[in-house]
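Please walk through this protein chain with the sequence and the coordinates open side by side. The text below goes from one helix to the aromatic residues, then to the nonpolar core and a few single residues.

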Amino acid sequence: FPIYGSKEIMKKKQHGTSDKPVMKNLRWGCDYKLADKICNFNRRSAENAGYYRKTSWLRDLDANEETTYYDSVTGKALFIAPRGRTSEQFLKETKVHGWPSFRDAEVVWDNVRCLRDGECVSI
């Protein structure tokens with residue numbers, strides 16, 4: 001791991017780099033416009049560090065269970081975490097990075113590829 005994909009995955013489509021916008025009712029109260037911008041019209045960065053603290057994500061997490069994270073356009077599973085580490089370790093790394101940080105063992109590789117420049121993308 002990682003499994004690499006061609007840069008063609010991210011070629012221009014009908015709605016930025018996707019065929020359609022993100023779903024309207026996003027988990028944890030995530031902002032629709034921000035999510036659509038990040039997912040479909042942005043290739044170089046993600047949400048601002050700490051944005052997760054403005055959502056219900058921390059309150060809604062069950063420290064005793066894995067959580068599945070889905071693509072906000074297709075609904076495909078992308079990550080399942082924490083896996084191979086404790087919730088405490090996962091949250092500590094999240095705090096350091098400023099957003100949820102996933103390890104290779106937590107990636108659903110059937111639905112995710114990495115580009116050679118390091119960008120992680122859904123397929």
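What follows describes a predicted model.

A helix is a convenient place to start. Which residues of helix H3, residues 87–97, are buried? They are Ser87, Phe90 and Thr94. These residues cover an arc of only 65 degrees around the axis, so they sit on the same side of H3. The spacing fits a general rule: an α-helix has 3.6 residues a turn, so residues three or four places apart point the same way. On the other side of H3, the exposed residues are Glu88, Lys92, Lys95 and Val96. The cover over the buried residues of H3 includes H2, strand S1 (67–70) and strand S2 (77–81). Just after H3 comes glycine 98, which has a positive phi of about 95 degrees.

The aromatic residues come next. The structure holds eight aromatic pairs. In one of them, phenylalanine 1 and tryptophan 109, the ring centres are 5.2 Å apart and the planes meet at 20 degrees, so the pair counts as stacked. Phenylalanine 1 belongs to the segment before H1, and tryptophan 109 to the loop between H3 and S3, so this pair ties together parts that are 108 residues apart in sequence. Are the two partners buried or exposed? Phenylalanine 1 is exposed, because its relative accessible area is 67%. Tryptophan 109 is buried, because its relative accessible area is 10%.

Phenylalanine 79 and phenylalanine 102 form another stacked pair, with 4.1 Å from centre to centre and 5 degrees between the planes. Phenylalanine 79 is in strand S2 and phenylalanine 102 is in the loop between H3 and S3, so the pair ties together parts that are 23 residues apart in sequence. Phenylalanine 79 is buried, with a relative accessible area of 15%. Phenylalanine 102, at 24% relative accessibility, counts as partly exposed. Leaving out residues up to four places away in sequence, phenylalanine 102 touches Tyr69, Phe79, Ala81, Arg85 and Phe90. Its C-alpha atom is 9.2 Å from that of arginine 83, and these two residues are 19 apart in sequence.

Both phenylalanines of that pair belong to one aromatic cluster, which is formed by Trp28, Tyr52, Trp57, Tyr69, Phe79, Phe90 and Phe102. Tryptophan 57, also in the cluster, is in contact with Trp28, Tyr52, Tyr69, Phe90, Leu91, Thr94 and Pro100 when neighbours within four places in sequence are left aside. Two rings also have a charge over them. The charged end of arginine 53 sits over the ring of tyrosine 52, at 5.6 Å from its centre. The charged end of arginine 116 sits over the ring of tyrosine 4, at 3.8 Å from its centre.

Which residues make up the largest nonpolar core? There are twelve: Trp28, Tyr52, Trp57, Tyr69, Leu78, Phe79, Ala81, Phe90, Val107, Trp109, Val112 and Cys114. S2 and S3 are the elements that give two or more residues to this core. S2 gives the most, with three residues. In soluble globular proteins, nonpolar side chains tend to be buried together. Phe90 is listed in this core and is also one of the buried residues of H3.

Two polar residues complete the tour. Serine 56 lies in the loop between helix H1 (32–40) and helix H2 (57–60). Serine 56 is buried, because its relative accessible area of 14% falls under 20%. Its side chain makes a polar contact with the side chain of aspartate 60, at 2.8 Å. Apart from neighbours within four places in sequence, serine 56 is in contact with Trp28 and Gly29.

Aspartate 104 is placed in the loop between H3 and strand S3 (112–114). With 40% relative accessibility, aspartate 104 counts as partly exposed. Not counting residues up to four places away in sequence, aspartate 104 touches Phe1, Pro2 and Trp109; Phe1 and Trp109 are the partners of the stacked pair described above. The C-alpha atoms of aspartate 104 and aspartate 31 are separated by 27 Å, and the two residues are 73 apart along the chain.

Terms used: Residues numbered from 1 in each chain as written. Predicted model: local features only at pLDDT ≥ 70, side-chain atom pairs only at ≥ 80, totals over all residues. Heavy atoms only, no water. Helix = DSSP H or I, 4+ residues; strand = E, 2+ residues; numbered from the N terminus. Buried < 20%, exposed > 50% of the residue type's maximum accessible area, 1.4 Å probe, protein only. Polar contact = N/O pair within 3.5 Å; in protein donor to acceptor, adjacent residues only side chain to side chain. Contact = heavy atoms within 4.5 Å. Arc of directions from axis to C-beta. Phe/Tyr/Trp six-rings, centres within 6.5 Å; stacked < 30°, edge-to-face > 60°. Lys NZ or Arg CZ within 6 Å of the ring centre and 35° of its normal. Core = buried A, V, L, I, M, F, W, Y, C linked by side-chain atoms within 4.5 Å.
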